[in-house]
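User: Hey, I've got a multi-chain model open and I'd like to get how the pieces fit together. Can you walk me through it?

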Number of protein chains: 4
Amino acid sequence: MQKKKVPSMVKDEQLIKKRREQMIKGAVSLFTEKGFHRTTTREIAKQSGFSIGTLYEYIGAKEDVLYLVCDAIYEEVRDRLKQYLGTNTSGVERLKEAVAAYFKVIDEMEDEVLVMYQETKSLPKEALKYVLQKEMEMNDMIEQIVRDCVEEDAIALTNEEIKMLAHNILVKGQMWTFRRWALQKEFTLEQYTQLQLKFLLTGLKR
Amino acid sequence: MQKKKVPSMVKDEQLIKKRREQMIKGAVSLFTEKGFHRTTTREIAKQSGFSIGTLYEYIGAKEDVLYLVCDAIYEEVRDRLKQYLGTNTSGVERLKEAVAAYFKVIDEMEDEVLVMYQETKSLPKEALKYVLQKEMEMNDMIEQIVRDCVEEDAIALTNEEIKMLAHNILVKGQMWTFRRWALQKEFTLEQYTQLQLKFLLTGLKR
Amino acid sequence: MQKKKVPSMVKDEQLIKKRREQMIKGAVSLFTEKGFHRTTTREIAKQSGFSIGTLYEYIGAKEDVLYLVCDAIYEEVRDRLKQYLGTNTSGVERLKEAVAAYFKVIDEMEDEVLVMYQETKSLPKEALKYVLQKEMEMNDMIEQIVRDCVEEDAIALTNEEIKMLAHNILVKGQMWTFRRWALQKEFTLEQYTQLQLKFLLTGLKR
Amino acid sequence: MQKKKVPSMVKDEQLIKKRREQMIKGAVSLFTEKGFHRTTTREIAKQSGFSIGTLYEYIGAKEDVLYLVCDAIYEEVRDRLKQYLGTNTSGVERLKEAVAAYFKVIDEMEDEVLVMYQETKSLPKEALKYVLQKEMEMNDMIEQIVRDCVEEDAIALTNEEIKMLAHNILVKGQMWTFRRWALQKEFTLEQYTQLQLKFLLTGLKR
DNA sequence: CATGAATGAGCCTTCATTCAT
DNA sequence: GATGAATGAAGGCTCATTCAT
């Protein structure tokens, strides 16, 4: 699927990038605080450091901001994840490292992930599809890591089980944010990671 | 915490109950389709089968509708769950049955649960607290079932593990709705239940 | 001009009178507190001791309540004034007594007079005319008393002066209510009366 | 007391002033015709020559319009009055001129004064206080003129009498508007002024 | 006669978007 | 490119009035 083209009146690609970065940063903080719908375009413009007129030089509609935000977050989560993913280990160990890395990324980008997670549904259909595809790519990344384990005979899983496991891992990451009101009261990230890994893996080893 | 009193101009308690049931039903279908913020009070009234004026005879503000919806869903999930929970089995078997029952309830109330799940954050602070508490009660219910298993020596878990497991089970139920775009394409409820039970339990047995 | 007919669904004239008295009493207290426009018909009904449905059995529209209130107040002011007006004196003495009596009535009915005074303009045209006519009758009453003085040669005034004096007296009564935030801080009714009489009369005597 | 700050989204102070002047002009004509409560914000916007959206760029709430109107009128009355007040005369003559000037101003601003006079009570509490204070300033202005006469030995009055006289003069000005339905039928402004001056002064001279 | 639930026109206000400067 | 004043559709909510019981 094509990356959605967010329209801009401005030619200078460099400038577009810069302005949109300001925008995303401002928007995330506002969305975190009051959600997408309760945030006005004026507020976004102000928080981004420019006028409402300028905001609309770089987007076509308010929803584009949300799209940009979601897109950027996915990108960053993926990039950071790749960075953390040392490939020097293998088998279950690699899976554990991957999960821990994923959780770490999520924790670092708590607010962003939560926003993305809660507001995605407000995207217009086209954008939603695209973002959902990004989510599936994330899923595929995780799935691949699991699949590697299986192929290395480190664990034995059917194809369906692999898919399910990937979903589970993904959600366990997300729930660290959307259930933080309960989880982060009881566990540190490390505890959370260890416990979840235990639940995830125990019995999976040969 | 006190149940939030939603104000009504109408005195007949019976009627209030009836109208609010209409309201909740209408609202859920709309919230499912377009979300809380994109749904107008006029639409809610119409879908509920009465006028905008009448709607406001039974609520004080739009947010009250959301609260009523969330409250009703929790209540119904809990009631149905209790109904399904046959107490004739014990140990791990009982846990499995409970999880299956819980998943079944979630599946039956898909739309409702999804709405509640996605829109809860739009509640005003007081109402949010109350609803979050309901969520914790659900958590406690699951936790108790797990705890029973542990006390029967059916499984061995630390206190923290019990808590985490309860969270996991709860979320695994919810994700059936909020990831349905992926999960329900690949799995039937039965498959989903079986697979999740397998992941949940394998290795937990003595 | 005809007294405006306020429509009623009820036949029993006795009952109409009773209910409307309740209504006027309730309405005055509410209008005093929040003004005609900010008072709802529901509030009037409640304060009057019956339901909104019953209210509309005795009036045709909200404005009728205001009309009824204004009419009743004029009536009462006039009645009380007549009562106070001992006819045993004559000349300037009688004028002074009349003014003092008038001021006393105003003071006793402060709230009512103020309401009438401030809300009259909200009456529908027809009713306004009628009420304004009542005001003119009041004017005439005062004028007559002044005119008597002149005819008795107690004071010398042209016809125009008589008219103006009547207006002045009337307004001096009303201002005791609508400037009470200033006047009643500085003067008692007695002081106010004495001072105003002095201003009114000094120099008028032969 | 601080002048109430009416909020505006627009930054250009010059523009704010201009728009608010349009607004006040439009609002006065509407309030005169139908009163504050019966006038809608849309009507105000239209009459002012801009859209409802623009109206709200210059005020925070409908009541602000009323406040702006009242404030502006007081200001203008005071300014005009100062202008008319030639200081070349003294004693009773000066008082007479002042009263005549005041009446003239009132007559010129009939509608405005009447509006202010009748709708003041609809102001929110804070604004009401502020406007009442303006009224007291007016009072003080008149009082000072009277006091000057007394100090010049032109007339002899106790302190209380001075205060009362100021109130009387003020009200005699206002009544020219709120009793115009009667007074302006019978008198021209000049006649009214002469007669009132006569009543006011006769006997006050040494 | 009394009641009060139902109605919907209409109000105030917000805010995404445009466009002249 | 940047600005921010202008716009008006649309939303939440109120309340005078009606009418079935």
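**How the chains and domains meet**

Analyst: Sure. The copies B and A meet through the same surface, because 100% of the interface residues of chain B are also interface residues in chain A. Keep in mind that this is a predicted model.

User: OK, what rotation puts chain B on chain A?

Analyst: Chain B lands on chain A after a rotation of 179° with 0.1 Å of shift along the axis, and the RMSD is 0.2 Å.

User: And what about chain C and chain D?

Analyst: For those two, a rotation of 179° with 0.0 Å of shift along its axis superposes chain C on chain D, at an RMSD of 0.2 Å. That is how a two-fold axis relates things. The same surface serves both copies there, with 98% of the contact residues of chain C recurring in chain D.

User: Back to B and A. How many residues of each are in contact?

Analyst: 41 residues of chain B are in contact with 42 residues of chain A. Together the two chains bury about 3700 Å², and carbon and sulfur atoms account for 60% of it. On the chain B side, B:Met164, B:Arg179 and B:Phe199 supply 18% of the area buried against chain A, more than any other three residues.

User: How many salt bridges are there between chain B and chain A?

Analyst: The count is 8 salt bridges. One to look for is B:Glu135 with A:Arg179, where the closest N and O atoms are 2.6 Å apart. There are also 17 residue pairs in polar contact between these chains, counting pairs with both residues at pLDDT 80 or more.

User: Which helix of chain B gives the most to that side?

Analyst: Several helices give two or more residues to the side of chain B that touches chain A, including H1 (13-38), H7 (125-151) and H10 (189-201) of chain B. H8(B) gives the most, with 13 residues. Sorted by class, that side of chain B has 18 nonpolar, 11 polar and 12 charged residues.

User: Switching topic: what domains does chain A have?

Analyst: The domain assignment gives domain 1 (7-60) and domain 2 (63-201) in chain A. Their C-alpha centres lie 27 Å apart.

User: How many residues of those two domains are in contact?

Analyst: 14 residues of domain 1 of chain A are in contact with 13 residues of domain 2 of chain A. About 1200 Å² is buried between these domains, with 82% of that area from carbon and sulfur atoms. A:Ile24, A:Val28 and A:Phe36 supply 43% of what domain 1 of chain A buries against domain 2 of chain A, more than any other three residues.

User: And how many salt bridges between those domains?

Analyst: The count between domain 1 and domain 2 of chain A is 0 salt bridges. For polar contacts, 2 residue pairs turn up across that interface, both residues at pLDDT 80 or more. Helix H1 (residues 13-38) of chain A gives the largest share of the domain 1 side, 10 residues. By class, that side of domain 1 of chain A has 9 nonpolar, 4 polar and 1 charged residues.

User: Last one: how far apart are the closest C-alpha atoms of chain A and chain C?

Analyst: They lie 31 Å apart, and no contact joins chain A and chain C. No contact joins chain B and chain D either, with their closest C-alpha atoms 21 Å apart.

How values were computed. Residues numbered from 1 in each chain as written. Chains lettered and ligands numbered in written order. Predicted model: local features only at pLDDT ≥ 70, side-chain atom pairs only at ≥ 80, totals over all residues. Heavy atoms only, no water. Least-squares fit on C-alpha atoms with pLDDT ≥ 70 in both. Contact = heavy atoms within 4.5 Å. Domains from an automatic or database assignment. Buried area = accessible area lost by both parts, 1.4 Å probe. Salt bridge = Lys/Arg side-chain N within 4 Å of Asp/Glu carboxyl O. Polar contact = N/O pair within 3.5 Å; in protein donor to acceptor, adjacent residues only side chain to side chain. Helix = DSSP H or I, 4+ residues; strand = E, 2+ residues; numbered from the N terminus. Nonpolar A, V, L, I, M, F, W, Y, C, P; charged D, E, K, R; others polar.
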